[in-house]
Amino acid sequence: MSILVYTESEGGKFKKAAFEVVSYAKEVAAMLSTTVTAVSINGGDSSELGAYGADKVLEVNNDKLSTFNAKAYADAIKQAAEKEAAKVVVLSSSADSKFLAPLLAVNLNAGYASNVVTLPESASPFKVKRTAFTNKAFNITEISTDVKIIGLSNNAFGLKENSAAATAEAFEPILSDEDFGVNVTSIDRATDKVSIADAEIVVSGGRGLKGPENWGMIEELADVLGAATACSKPVSDMGWRPHAEHVGQTGKPVASNLYIAIGVSGAIQHLAGINASKVKVVINNDAEAPFFKAADYGIVGDAFEVVPKLIEKLKEFKSNNA
Ligand SMILES: Cc1cc2nc3c(=O)[nH]c(=O)nc-3n(C[C@H](O)[C@H](O)[C@H](O)COP(=O)(O)OP(=O)(O)OC[C@H]3O[C@@H](n4cnc5c(N)ncnc54)[C@H](O)[C@@H]3O)c2cc1C
């Protein structure tokens, strides 16, 4: 019996969420004294999953699965779970995984807990902590079915390198025409920008930026760094930025490698959502702003002077190192 993880990918590359579910599954496997098997559907280089703790990767390479199809994917993952006699299956909480998880739960006669934020509280009984009421509360859920499915909240656990020499094995699930009753025929992307969930770098702006008209420099800095843009709650409440950019306790969690906070005071509710980020850089004109206590690097200065200079230097650095 192994723990099975479904590792999401796009265009033949694993998403950040894939590495997070493997990191998480590795620690659950340690609790249960077992190993981690990943299912990769037209995914990337399996050794990348090994870096986060996958012991084995079942590689499904099938052109019919080149676009996400919840029913077919759920059928393929079910067959992988049965092959591995998995009692615990871990998925992310992406829109795709939330779509396929209930189908998989039916396929495996399993209990499914979504939005899980920590390692299981206990293995027997199997109890997990989840967010509820759009992140305003937590609940402890017991899953008592033989097979358990965990939907890990994105960025709640973070990435933990835990090198294992993953063995790759070709896996060919048997899929029927019934699996392909609904198919995506084309994809038209609204934006090419990196999402907060997948971003390695996040540039975030707060009320210190005074108004939405000043976001040009935040976007420019994000563009230079290949980063996603984010904001504090009041900024999205006032309609300066879309709600999808609100990070913190009541917004999206961020677990990027680099989080740059500009004109954000560092209230506890903001920090609660970004603490999992590795390196935090703060730009604020008030040396007493609470964010400096949580920062790895801080610049005390006016954002309207510091950020344009930072953009200029980064552009210079990039052109010298192109
Ligand atoms: C139940 C609850 C949940 C909440 N959830 C969240 C949440 O999820 N996320 C969140 O962000 N907040 C949340 N909040 C709100 C939180 O308490 C703070 O009010 C909010 O984070 C403050 O936003 P801010 O830092 O952008 O603004 P402010 O607190 O107004 O801070 C602005 C900062 O900008 C600095 N500044 C001003 N001018 C400049 C300049 N020219 N250059 C550089 N710096 C400048 C100031 O020194 C100040 O530190 C929540 C509150 C509650 C009660």
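How many nonpolar, polar and charged residues does the shell around the ligand have? Keep the question in mind while you select; the model is a predicted one.

Start with the ligand and show the residues within 4 Å of it. The selection should hold 27 residues, and the closest include Ser 232, Ser 265, Gln 269, His 270 and Asn 284. Colour the shell by class to answer the opening question: seven residues are nonpolar, 15 are polar and five are charged.

Next, pick out three polar contacts. Select Gln 269: one of its polar side-chain atoms is 2.7 Å from an oxygen atom of the ligand. Move to Val 247, where a polar backbone atom lies 2.9 Å from a ligand nitrogen atom. Then go to Ala 303, which places a backbone N or O atom 2.8 Å from a nitrogen atom of the ligand. Switch to a surface view here: the ligand taken alone exposes 990 Å², and the protein buries 75% of that.

Now show the helices. Helix H6 (233–237), helix H7 (268–274) and helix H9 (303–320) are the elements that each give two or more residues to the shell around the ligand.

Finally, hide the ligand and look at the space it takes, which is the second largest pocket. This pocket holds about 290 Å³ of space. It is lined by 18 residues, and those closest to its centre are Ser 232, Lys 233, Pro 234, Ala 267 and His 270. Select H6 and H7 again, since each supplies at least two residues of this lining. Coloured by class, the lining shows four nonpolar, 12 polar and two charged residues.

Key:
Residues numbered from 1 in each chain as written. Predicted model: local features only at pLDDT ≥ 70, side-chain atom pairs only at ≥ 80, totals over all residues. Heavy atoms only, no water. Polar contact = N/O pair within 3.5 Å; in protein donor to acceptor, adjacent residues only side chain to side chain. Areas by Shrake-Rupley, 256 points an atom, 1.4 Å probe, with all protein chains shown as cover. 1 Å grid on protein atoms, 1.4 Å probe; cavity = no way out; pocket = protein on both sides within 12 Å on 5 of 7 lines; lining within 4 Å. Sits in = over half its atoms within 2 Å of the grid points. Helix = DSSP H or I, 4+ residues; strand = E, 2+ residues; numbered from the N terminus. Nonpolar A, V, L, I, M, F, W, Y, C, P; charged D, E, K, R; others polar. Points joined across faces, edges and corners; volume = space filled by probe spheres on them.
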